[in-house]
Amino acid sequence: ELIRMANQYYDMVLVDLDKAISPAVRNEILEVSNLNVIVFSQKKESLDRYKKLIENKPQLNTPKTLPVIGKYMRQSKYNLKNIMKYLEEKKEMSVIPFNMLYFEAAEESGVADLLLRLDNIKDTSDENYIFAQDVQKLVDKIIKRLKELQMRMRWKNDTN
């Protein structure tokens with residue numbers, strides 16, 4: 001109910017679903033959401049959990065769901081290409097590389113300040129520059145997907 005009410009007053013409501021939330025409440029939140037961003041790591045155990053989740057909940061295997069590999073490390077044998085093959089995923093997946101500065105900023109509630117500082121880095125080989133670029137790509141992808149879903153809803157409502 002709280003999320004439904006927040007949707008009436010805000011343009012966007014972001015909810016981080018903790019594993020401790022009951023499955024019934026989690027499912028209800030996923031249903032009312034405009035977009036579900038599922039973040040998982042590149043560890044095999046996490047990949048298997050994601051695969052099982054998608055198989056058991058077909059409503060998550062829709063354009064409304066955006067999978068993201070967090071704490072991504074390009075040097076792992078579970079790189080993006082191998083993960084996509086393992087998950088039998090056809091569409092490009094997003095990654096957010098592991099970044100120590102981000103990890104520390106999140107612990108200290110300083111993420112906004114960090115992102116502003118990272119915006120000033122010009123060395124394209126700098127890991128912090130790469131991290132900031134991948135974050136920006138994900139933000140752009142989320143906005144694009146929300147617009148696409150909004151257009152589908154308008155079209156659906158217009159044809160009914």
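Which residues of helix H4, residues 80–87, are buried? Before I answer, let me say that what we are looking at is a predicted model, and I will keep to what can be read from its coordinates.

The buried residues of H4 are Leu-80, Ile-83, Met-84 and Leu-87. If you look down the axis of H4, these buried residues fall within an arc of 100 degrees, so they line one face of the helix. On the other side of H4 we find Lys-81 and Lys-85, and both of these are exposed. As for what lies over the buried residues of H4, the cover includes strand E1 (36–40), helix H3 (44–56), strand E2 (65–72) and strand E3 (94–97).

Now let us leave H4 at its end, where the helix is followed by Glu-88. Glu-88 sits in the loop between H4 and E3, and its phi is positive, about 60 degrees, although the residue is not a glycine. I point this out because most residues other than glycine have a negative phi. With a relative accessibility of 61%, Glu-88 counts as exposed.

There is another residue of this kind, namely Ser-109, a residue other than glycine with a positive phi near 55 degrees. Ser-109 belongs to the loop between H5 and H6, and, because its relative accessible area is 72%, it is exposed.

That loop brings me to the pair of helices on either side of it. Two packed helices are described by the angle between their axes and the distance between the axes. Here the axes of helix H5, residues 100–107, and helix H6, residues 111–118, come within 8 Å and cross at roughly 150 degrees; H5 and H6 are therefore roughly antiparallel to each other. Which residues meet in this pair? From H5 there are Leu-101, Tyr-102, Ala-105 and Ala-106, and from H6 there are Val-111, Leu-114 and Leu-118. Sorted by type, the residues of the contact of H5 with H6 come out as seven nonpolar, with no polar and no charged residue among them.

For the last part, I would like to turn to strand E2, which is part of the cover over H4, and in particular to Thr-65, which has its place in that strand. Is Thr-65 buried or exposed? Its relative accessibility is 3%, which is under 20%, so Thr-65 counts as buried. Its side chain reaches the backbone oxygen of Leu-60 at 2.6 Å. Leaving aside neighbours within four places in sequence, Thr-65 is in contact with Leu-35, Asn-36, Ile-38, Gln-59, Leu-60 and Arg-145.

Arg-145, the last residue named there, lies in helix H7, residues 127–159. Although Arg-145 carries a charged side chain, its relative accessible area is 12%, and it is therefore buried. What does the side chain of Arg-145 reach? It reaches the backbone oxygen of Pro-63 at 2.8 Å, and also the backbone oxygen of Thr-65 at 3.3 Å. With neighbours within four places in sequence again left aside, the contacts of Arg-145 are Leu-35, Pro-63, Thr-65 and Leu-66. Leu-35 thus appears in the contact list of Thr-65 and in that of Arg-145, which is a useful place to start if you want to look at this part of the model on the screen.

How values were computed. Residues numbered from 1 in each chain as written. Predicted model: local features only at pLDDT ≥ 70, side-chain atom pairs only at ≥ 80, totals over all residues. Heavy atoms only, no water. Buried < 20%, exposed > 50% of the residue type's maximum accessible area, 1.4 Å probe, protein only. Helix = DSSP H or I, 4+ residues; strand = E, 2+ residues; numbered from the N terminus. Arc of directions from axis to C-beta. Contact = heavy atoms within 4.5 Å. Axes fitted to C-alpha atoms, helices over the stretch in contact; angles between N-to-C directions. Parallel < 35°, antiparallel > 145°, perpendicular 65-115°, else oblique. Polar contact = N/O pair within 3.5 Å; in protein donor to acceptor, adjacent residues only side chain to side chain.
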